[in-house]
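Colleague: Please take a close look at one buried-or-exposed case in this model, and set it against the chain as a whole. I would like one connected account.

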Amino acid sequence: MSDKYREAGVDLEAGYESVRLIKSHVARTKVKGAIDSIGAFGGMYDLSVLNMKEPVLVSGTDGVGTKLLVAFEMDKHDTVGIDAVAMCVNDVLVQGAAPIFFLDYLAVGKNEPKKIEQLVKGVADGCVQAECALIGGETAEMPDMYDVKHYDIAGFCVGAVDKCNLLDGQKIEEGNVLIGLPSTGVHSNGFSLIRKVLLKDAKLDLHKEYEEIGNQKLGDVLLTPTKIYVKAIKHLLGKVDIKGMSHITGGGFYENVPRMLKEGQGVTIDTTAYPHKPIFDMIAKYGNIPMDEMCNVFNMGIGFMMAVDKKDVDTVQSLLKEIHEESYVIGEVTNSGSVDVKW
């Protein structure tokens, strides 16, 4: 067999080895309805197992962004796959849809099977947390497009919800209470700013431990994977009347919360109503970033929120406590037409 393709930078044998290594990770994600299709041209899922009268499919796609540059520097690749899954499944969850399957896309400068295995392990871990199947994906080796040590990872998720249970924000009313679910940290947003402030300007060391963040390595704190909220929300759906939900990603409170509201509605949010995460204080301090800008870039410790009727607050928090999920009452819906944040 000719080695011309290998000489051009693409190693087919390494690709075959990567597929072999990831099979066990993919197998961990199998759920009811997923049809074995790894190696086929398309991933398959049997919708009939959902027993929905009027199933609506809700889809989402996203990547991990420049957080990957931190992973490259730390040479740690087993968690960014969780981020790729989280950014997609949390989005479809907002509309009341339970994720049912996921596909990933990996573009690499050089196919290193062990590294590919670590990346897909992360994706599989995320799918297990999200209770959805990894039914397919693509790994593209693209020399000259990427440095040999670099890669990009993105994903695509599909969720399903019965049409009568679809959440579109139309039920939200003034006086509804906002319940926030804590983030694990910065998640996968604002890393261009983080890298400028902490790494380029302040010249902090990703491998060094800092007292400000609990004597942990800065790189480990920044690479903490995005929290997946699927199990928490699925535990609530059908038991309590959730009026609307928001996934707090890039754009922070100011951009994401209005997406769940009706025209003319607003919210008040009290950032003193829940525990602070030191990493946000660190970013603000070293970058001299005002709090309103912090709230417009980062999740500020709340990765997901929902609006519920006042009478349902205790029920929601009790249900979440059953599965050891923290939650905080952080504000309420208003008719102000604006997002008003107290800090």
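Modeller: About 15,900 Å² of accessible surface belongs to the protein chain, and carbon and sulfur atoms account for 50% of that area. The model is a predicted one. Of its 343 residues, 51% count as buried. As for charge, there are 36 positive and 49 negative side chains, and the centres of the two sets lie 3 Å apart.

The chain is built from twelve helices and 14 strands. Its radius of gyration is 21 Å, close to the 20 Å given by the globule rule for 343 residues, so the chain is as compact as a globular protein of that length. Along the principal axes, the C-alpha atoms fill a box of roughly 70 × 55 × 35 Å. Contacts between residues at least 6 apart in sequence can be sorted by separation: 85% of them join residues at least 24 apart.

The residue to look at closely is Arg 195, which sits in helix 6, a helix covering residues 191–201. Its relative accessibility is 15%, and buried means under 20%, so Arg 195 counts as buried. Leaving aside residues up to four places away in sequence, Arg 195 touches Thr 66, Leu 69, Val 70 and Lys 200. A further residue to locate from here is Ile 283, which is 88 residues from Arg 195 along the chain. The C-alpha atoms of Arg 195 and Ile 283 are separated by 9.7 Å.

Methods: Residues numbered from 1 in each chain as written. Predicted model: local features only at pLDDT ≥ 70, side-chain atom pairs only at ≥ 80, totals over all residues. Heavy atoms only, no water. Helix = DSSP H or I, 4+ residues; strand = E, 2+ residues; numbered from the N terminus. Buried < 20%, exposed > 50% of the residue type's maximum accessible area, 1.4 Å probe, protein only. Contact = heavy atoms within 4.5 Å. Rg over C-alpha atoms; globule rule 2.2 N^0.38 Å. Areas by Shrake-Rupley, 256 points an atom, 1.4 Å probe, with all protein chains shown as cover. Lys, Arg positive; Asp, Glu negative; His and termini not counted. Charge placed at Lys NZ, Arg CZ, Asp CG, Glu CD.
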